[in-house]
Amino acid sequence: QAVNPSLNAVIKLSAERALDEARVADQAVLNGGELGPLHGVPMTIKDSLDTAGVVSTGGTKGRESYTPQEDATVVARLREAGAILLGKTNTPELTLAGETNNLIYGQTNNPYDLSRTPGGSSGGAGAIIAAGGSPLDMGSDTGGSIRLPSHFCGIAGIKPTSGRVPRTGHVVPFGLGAVDALTQNGPMARFV
């Protein structure tokens, strides 16, 4: 809430859901248990990945009110590991630009200079992480979409080996031939 108004990085906040999930995580600790290796870690998710019950647009008007019934595979795995969804981060339409701007949510700004871009297409993720508003995000990268925002915002991002992280539930569909091998989902954080 403190940094996002000037950045426009988080475009859907899941505050009540996050608080409910945090209470469950706290109760698990009180009961002597844990929810997994990411127990209670708050995170944001790039808007190109499906999140059950939360609008997932991919930055395109055609999906402006699309609310998936299930999480993308990588999101489901993160949540099963105990991560808590804070909200969705901005992306250009269908993740196809080196800057983060779309007709639904508008432009995301770089936290170090609001007149500059945080890069794209995971620019919302890069901006909110650099500003300290989220410790972790799951971005996606075909031609630099994790790497550019990580560089422009001074954070760490990893484009994993092709096929290492599932892409099911991502707005870029399978069946694009050679492009399929180029698109991966990967983590973004302030530090490795």
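**Internal voids and buried positions in the predicted model**

Among the elements that contribute to the lining of the largest cavity, α3 gives the most, with three residues. The model is a predicted one, and the structure holds one cavity of 30 Å³ or more. The volume of the largest cavity is about 40 Å³. Its lining consists of M43, I45, V75, L78, R79, A83, I84 and L85. At least two lining residues are supplied by each of β2, α3 (73–80) and β3. In terms of residue class, the lining of the largest cavity divides into seven nonpolar, no polar and one charged.

One of the residues lining the largest cavity is A83, which is placed in the loop between α3 and β3. The relative accessible area of A83 is 5%, and A83 is therefore buried, the cut-off being under 20%. When residues up to four places away in sequence are not counted, A83 touches E21, L38, V41, M43 and L78. Two of these partners, M43 and L78, are also named in the lining of the largest cavity. Between the C-alpha atoms of A83 and S65, which are 18 residues apart along the chain, the separation is 25 Å.

The largest pocket has a volume of about 300 Å³. Its lining comprises 17 residues, of which Q1, V10, L13, L86 and G133 are the closest to the centre of the pocket. Two or more lining residues are given by each of β1 (10–13), α2 (15–30), β2 (42–46) and β3 (84–89). The largest share, four residues, comes from α2. The class composition of the pocket lining is twelve nonpolar, five polar and no charged residues. The elements β2 and β3 thus appear in the description of the pocket and also in that of the largest cavity.

A further buried position is M138, found in strand β6 (residues 136–141). M138 counts as buried because its relative accessibility is 7%. Leaving aside neighbours within four places in sequence, M138 is in contact with M43, T44, I45, K46, L49, V74, L78, N185, G186 and P187. Among these contacts, M43, I45 and L78 are listed in the lining of the largest cavity. The C-alpha atoms of M138 and R190 are separated by 13 Å, with the two positions 52 residues apart along the chain.

The contact partner N185 lies in strand β8 (residues 184–189). With a relative accessible area of 0%, N185 is buried. The side chain of N185 reaches the backbone oxygen of P166 at a distance of 2.9 Å. Beyond neighbours within four places in sequence, the contacts of N185 are L49, V74, M138, G139, S140, I146, P160, V165, P166, R167 and H170. P166 is therefore both a polar partner of the N185 side chain and a member of this contact set, while L49 and V74 are contacted by M138 as well.

A second buried asparagine, N110, is placed in the loop between β5 (106–107) and α4 (123–130). The relative accessibility of N110 is 5%, so this residue counts as buried. A polar atom of the N110 side chain lies 3.1 Å from the backbone oxygen of F152. Neighbours within four places in sequence excluded, N110 is in contact with L7, R116, T117, P118, F152 and C153.

The helix α4 is largely enclosed by the rest of the structure, because eight of its eight residues are buried. The buried residues of α4 are G123, G124, A125, G126, A127, I128, I129 and A130. After α4 comes G132, with a positive phi near 80 degrees.

At the level of the chain, residues 1–192 are 22% helix and 17% strand, and the end C-alpha atoms are 25 Å apart. According to the UniProt record, an unreviewed entry, the annotation "domain: Amidase" covers residues 1–192.

Technical notes
Residues are numbered from 1 along each chain as its sequence is written. This is a predicted model: local features need pLDDT of at least 70, side-chain atom pairs count only at pLDDT 80 or more; totals for chains, interfaces and linings use all residues. Side-chain values use heavy atoms; hydrogens and water are left out. Buried means under 20% relative accessible area, exposed over 50%, partly exposed in between (1.4 Å probe, protein chains only). A polar contact is a pair of N or O atoms within 3.5 Å; within protein, one must be able to donate a hydrogen and the other to accept it, and residues adjacent in sequence count only if both atoms are side-chain atoms. Contact means heavy atoms within 4.5 Å. On a 1 Å grid over the protein atoms alone, a cavity is a set of points where a 1.4 Å probe fits but cannot get out, and a pocket is an open set with protein on both sides within 12 Å along at least five of seven lines; lining residues have an atom within 4 Å of a point. Grid points are joined across faces, edges and corners, and a volume is the space filled by probe spheres set on the points. Ala, Val, Leu, Ile, Met, Phe, Trp, Tyr, Cys and Pro count as nonpolar, Asp, Glu, Lys and Arg as charged, and the others, Gly among them, as polar. UniProt positions are given in the numbering used here, feature names are shortened, and annotations may be inferred rather than shown by experiment.
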